[in-house]
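This report describes how strands and helices are arranged in one protein model. Please consult the sequence and the structure shown below while reading.

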Amino acid sequence: MAEAQIETLTDISLKVLNKRLANQKNPNFQFVFFGDTWFNWGNAIVQPFTKAKQDAIRRYQIFLSCLDKASKQKPKPLIILYGGDGVFSGSAEQLMFFKNVVEKFVNKTNIAFFMVPGNHERNGVNGSLVNYQNIIGPRKGKKAVQENGLNYIINTPKLRMVMLNDVGPVAKPTRYGITNSALVTFNKGINTKKDVVVVMHVPPKVGSFKKFPSSEAFPVTTPMIRRL
């Protein structure tokens with residue numbers, strides 16, 4: 001018998017989002033963006049009380065404070081967009097702990113939470129994003145979201161959110177870059193009369209991001225994105 005799949009964080013957030021949109025008369029709304037909290041309390045539970053554990057507790061408190069402050073904004077945000085690196089390592093343990101904490105927040109506040117993967121969501125430096133996709137989502141095939149693997153689009157009446165995975169194949173000289181599937185989603189996502197927000201873990205080194213170091217952005221000369 002095939003193992004039953006859990007409801008991912010994206011699945012849960014989509015239900016909350018659709019319910020609020022159905023009851024919302026004003027098409028205008030507020031959203032919050034943040035990321036890179038390295039929320040790794042999952043491993044810290046079984047560790048002795050060391051500096052590493054102190055750091056994990058501090059990051060846990062910062063993450064919860066960010067969620068709490070976001071929920072108290074006026075008007076209340078419809079969505080939180082998260083730019084990745086939610087955990088320190090993409091183990092099932094850390095991702096499940098992250099998902100459970102955020103799920104409680106989503107259900108309590110009715111604020112949807114959507115994220116893209118960062119490099120720390122990989123299960124190890126060169127590991128896969130399988131744990132991330134199975135626990136956080138989205139899963140390929142969900143009709144509620146237009147998606148292409150780990151890249152997906154969320155629509156509201158006036159705003160479209162294009163969520164892109166740019167931590168795809170770890171390759172030199174950069175760990176970041178846009179894959180063909182992300183390009184397909186990007187091109188499809190911006191083809192609209194709605195306002196568009198594009199969310200990815202790190203930006204391409206163009207415009208105001210041109211002088212960013214390679215550890216914080218990817219060059220447009222990367223073969224994977226040259227056609228963009």
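In which sense, and over how many bridges, do strand β2 and β3 pair? The model is a predicted one. In it, β2, which spans residues 79-82, pairs with β3 in the parallel sense, over four bridges. Within this pairing, Ile79 is found opposite Ala112 of β3.

On the other pairing, β1 and β2 also run parallel and are joined by four bridges. Here Phe33 has Leu81 of β2 opposite to it.

Taken together, the three strands form an open sheet in the order β1-β2-β3, with parallel pairing. Its edge strands are β1 (31-34) and β3 (112-115), each of which pairs on one side only. On average, neighbouring strands of the sheet are turned by 20° against each other, direction ignored.

Two helices that pack on this sheet are listed in the table.

| Helix | Residues | Strands touched | Angle between directions |
|---|---|---|---|
| α1 | 9-23 | β2 and β3 | about 140° with β3 |
| α3 | 51-71 | β1, β2 and β3 | about 160° with β1 |

A further helix, α4 (residues 92-109), belongs to a right-handed β-α-β unit together with β2 and β3.

The side chains of β2 deserve a separate remark. In a regular strand, side chains alternate between the two faces of the sheet. Accordingly, one may ask which residues of β2 point one way and which the other way. Ile79 and Leu81 point one way, while Ile80 and Tyr82 point the other way. All of these residues are buried.

Methods: Residues are numbered from 1 along each chain as its sequence is written. This is a predicted model: local features need pLDDT of at least 70, side-chain atom pairs count only at pLDDT 80 or more; totals for chains, interfaces and linings use all residues. Side-chain values use heavy atoms; hydrogens and water are left out. Two strands pair if DSSP finds at least two bridges between them. Helices (H or I, at least four residues) and strands (E, at least two) are DSSP runs, numbered from the N terminus. Axes are lines fitted to C-alpha atoms, for helices over the stretch in contact, and angles run from 0 to 180 degrees between N-to-C directions. Contact means heavy atoms within 4.5 Å. Buried means under 20% relative accessible area, exposed over 50%, partly exposed in between (1.4 Å probe, protein chains only). A crossover is right-handed if, with the strands pointing away from the viewer, the path from the first strand over the helix to the second runs clockwise.
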